[in-house]
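Load the model in a viewer and keep the selection tool at hand. The stops below go from one chain to the other.

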Amino acid sequence: MFAIDTIFHRLQRGCQTMRYPDGPAPALPDRHGGGLRVDSAKCLPGCSDCVPVCPTRAITRPGKGRLKLDLGNCIFCAACVEACPAKAITQTGDHRLAARRREDLQLGPPGAEQVRLAAALDGKLLRLFGRSLRLRQVSAGGCNACEADTNVLGTIGWDLGRFGIQFVASPRHADGLLITGPVSRNMELALRKTYEAVPDPKLVIALGACAIAGGPFSGLPPVHHGASGLVPVDLFIPGCPPHPLTILDGLLRMLGKLEGKAGA
Amino acid sequence: MSTPSSFQFLPNGSSLPWAGIPEFPAADLVQATAAELGRGARLCAWFGVPEPPGARLAAVIAFDADNTLAVARSAPFSGSYPSLTATHPQAHLFEREVWEQHGLQPEGHPWLKPVRRGTGQAPASGEFFRVDGREIHEVAVGPVHAGIIEPGHFRFQCNGEEVLHLEIALGYQHRGLEEALAGGPHPATLSQAEAIAGDTTIGHATCHAMILEALAGAEAPLRAQWLRALALELERLANHTGDLGALAGDVAFLPTAAACGKIRGDFLNLTALICGNRFGRGLVHPGGCRHDLEPARAAALLEKLRPALRDVEEAIAWLWDASSVRSRFEDTGTVFTEQAGAVGLVGVAGRASGLVRDVRFDHPAGWHRFAQIPVAVWPGGDVFARAKVRCLEIQRSGAYLEEQLAAPPEEGIRAGLEPAAPGTLAVALVEGWRGEICHAALTDGAGRFRRYKISDPSFHNWTGLALALRGQAISDFPLCNKSFNLSYCGFDL
């Protein structure tokens, strides 16, 4: 009788997919904190309390210059937020973090207090990939947390397939790569070969602090400083790991699917 | 343990002066270790400590029935020593690793090759065990796999559909973590410990914190120990639920696959409720926990935990109800108890082969000294048994959480920590969701890490997967692999 029971249970559960992005984005946990904002004008003269507490050396204050925070290498531990006596670094609570250009993740200078969010792809690429994007995932030296929260997007709550985005088994079937991990030297060859196997035109997404800049493994000899030294990257999604909502926001933003939506 | 041991005993989560640890010539250490393993001890870690121009060997073993660990070391030497693997296969990867890291050669090791680096540009470039014959073919899979999973290389020797031998070449995720920890703790050390295996953040971070606390001669406040124990079970619930869903998916039983994918997220969100991060990043700190679980938050957690437990119970019931699922799980990928004991399986895989071993019960430290969880064992050794153990553990972790949430200890979540003692060895074990995590750290004269050894449960268990495939149809590999669900990065370090 299990077949009938199964159908019954299924009907009982109803639709469990969230309304986002047509409805509001699901709330982040209250202790998540979201993105960071850097108001370097608030920095106290001569203070660099935030610099040594950063585990990934994402914060620098060269000489008497302005504070700079590389959101790409940030693992969002908020140690700097706690350390700053002037509240120059604050949490925004915003899940939106993805950027198209690496420099858009550098925070600090006037006008660059927060991340400059990713723009949609231009004309031809948007026409090609806007309604159907097939990605091959390459895991290259991380900790498997980014992979785990990418997999979550395939579950019924998120249902990535409804946006025409799908992860495929072969690079030959793919429109692009989603890379996680700092790229270990042992994965360098496999990553290059996988990249070459994807037909042109292709996209590359660097997911998580490791793939963007090395993250917790920055500077270790067996790994690179992220994917962009090896392949050109079209979208950077910061986090350690990024919340599934942050990943989805990045993908949809790049495909121009958030314009005019309640969850944008 | 009725006979006197040549090892020095120590309880889980404690430390000893390095100079006081019994020292033997290497051959005698191998002999003494073999004698203890022959008496029912288990190898938790076997590693080298550089001492130019050579290195020392150090052994950490566990006497589960006696609830104690024991350590011994060799005198410094270089060159070769008689292999422990020759009599005790559970040492085989440890000896390969020591050879790769320190150049100490185990004489008589049956299959000596690097563990992580390989001889060429990638780990799969080395030599593989081959079966010859006109009907034999070889299948090579990876490092890049079909799904969203970590990289590894699998080399099958097949006769038609039947797998005669599987050899697993890992190392693609190698980040040099042990080397990075040496000279530490550094500012990045805690985040690196959390990222040894991201799905075991709480397990590894707790183990690392216990090491630093043991080296400082201190304990985290009770409330922090309580919270770590809760977070460890939430981590177990999330991963076991995800695994059962993935197993269901691999036999095309979609109702449970779909439901468990969602419920796994519900459990991750409970960890995020405590600390903001779904994987528990930033929760455990040496000396305590960074966040507290205040009464209101604990009540909210319990309120969300109960329906998630109900949902997962129901989703698993559908799975057991389907005869098509049972027939795919039963007698698939069997690892017999003798094999499991010989290769030293730990955790879910070990318990599913009938081995009664669980750090929470055998070597209780932290909160587990006051509140235990019964060990979940199922003797079959097949995919069914590994699924069943997970199912039992979900029930028991759920009950444990409900019980512990009702009785929180006094306030006080974080304490300052003295600097680590110099010239000291600390050992800590934690039962992560996959099994036994072992960290061992030795400090130098200034109290910095001189050597930091990490043993993820996957290091013990990958050999179990290779054994499970013997005589199995190659098409069952995904199902067998999922039933172990081992960590690549935890192994590769």
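The tour takes chain A, then the contact between the chains, then chain B. The coordinates are those of a predicted model.

**Stop 1: chain A as a whole**

Select chain A and show it as a cartoon. Eight helices and 10 strands can be picked out in chain A. Along the principal axes, the C-alpha atoms of chain A fill a box of roughly 70 × 40 × 40 Å. The radius of gyration of chain A is 20 Å, which agrees with the value near 18 Å that a compact globule of 264 residues would have.

Now colour chain A by burial. Of its 264 residues, 51% are buried. For a contact map of chain A, take the contacts between residues at least 6 apart in sequence: 78% of these join residues at least 24 apart.

**Stop 2: the two domains of chain A**

Select residues 36–95 of chain A for domain 1 and residues 123–254 of chain A for domain 2. How far apart do the C-alpha centres of these two domains of chain A lie? The distance is 27 Å.

Next, show the residues where the two domains meet. In chain A, 11 residues of domain 1 are in contact with 15 residues of domain 2. On the domain 1 side of this contact in chain A, five residues are nonpolar, four are polar and two are charged.

**Stop 3: where chain B touches chain A**

Bring chain B into view and select the residues of each chain that take part in the contact. Chain B contributes 45 residues and chain A contributes 48 residues. On the chain B side, pick out α4 (189–194), α7 (254–275) and α8 (295–321), each of which supplies at least two residues. Which helix of chain B gives the largest share of the side that touches chain A? That is α7(B), with nine residues. Coloured by class, the side of chain B that touches chain A shows 23 nonpolar, 15 polar and seven charged residues.

**Stop 4: the two domains of chain B**

Hide chain A. In chain B, the domain assignment places domain 1 at 8–107 and domain 2 at 192–442. The C-alpha centres of these two domains of chain B are 28 Å apart. Their contact in chain B involves 23 residues of domain 1 and 22 residues of domain 2.

Look at the domain 1 side of this contact in chain B. The strands β2 (14–17), β4 (42–51), β5 (54–63) and β6 (68–74) of chain B each supply at least two of its residues. The largest share, five residues, comes from β4(B). By class, the domain 1 side in chain B has 15 nonpolar, six polar and two charged residues.

**Stop 5: a three-stranded sheet in chain B**

Stay in chain B and select β9 (136–141) and β11 (162–169), then add β10 (residues 153–159). These three strands of chain B form an open antiparallel sheet in the order β9-β10-β11. In chain B, β9 and β11 stand at the edges with a single partner strand each, so one side of each has no neighbour in the sheet. Neighbouring strands of this sheet are turned by 20 degrees against each other on average, direction ignored.

Zoom in on the pair β9(B) and β10(B). Six bridges join β9(B) and β10(B) in the antiparallel sense. Which residue of β10(B) stands opposite Val141(B)? Select Phe154(B) to see the partner of Val141(B) in β10(B).

Notes
Residues are numbered from 1 along each chain as its sequence is written. Chains are lettered from A and ligands numbered from 1 in the order in which they are written. This is a predicted model: local features need pLDDT of at least 70, side-chain atom pairs count only at pLDDT 80 or more; totals for chains, interfaces and linings use all residues. Two strands pair if DSSP finds at least two bridges between them. Helices (H or I, at least four residues) and strands (E, at least two) are DSSP runs, numbered from the N terminus. Axes are lines fitted to C-alpha atoms, for helices over the stretch in contact, and angles run from 0 to 180 degrees between N-to-C directions. Domain bounds come from an automatic or database domain assignment. Two residues are in contact if their C-beta atoms, placed from the backbone, lie within 7 Å. Ala, Val, Leu, Ile, Met, Phe, Trp, Tyr, Cys and Pro count as nonpolar, Asp, Glu, Lys and Arg as charged, and the others, Gly among them, as polar. The radius of gyration is taken over C-alpha atoms; the globule rule is 2.2 Å times the number of residues to the power 0.38. A residue is buried if 20 or more other C-beta atoms lie within 10 Å of its own, exposed if 12 or fewer, and partly exposed in between; C-beta atoms are placed from the backbone.
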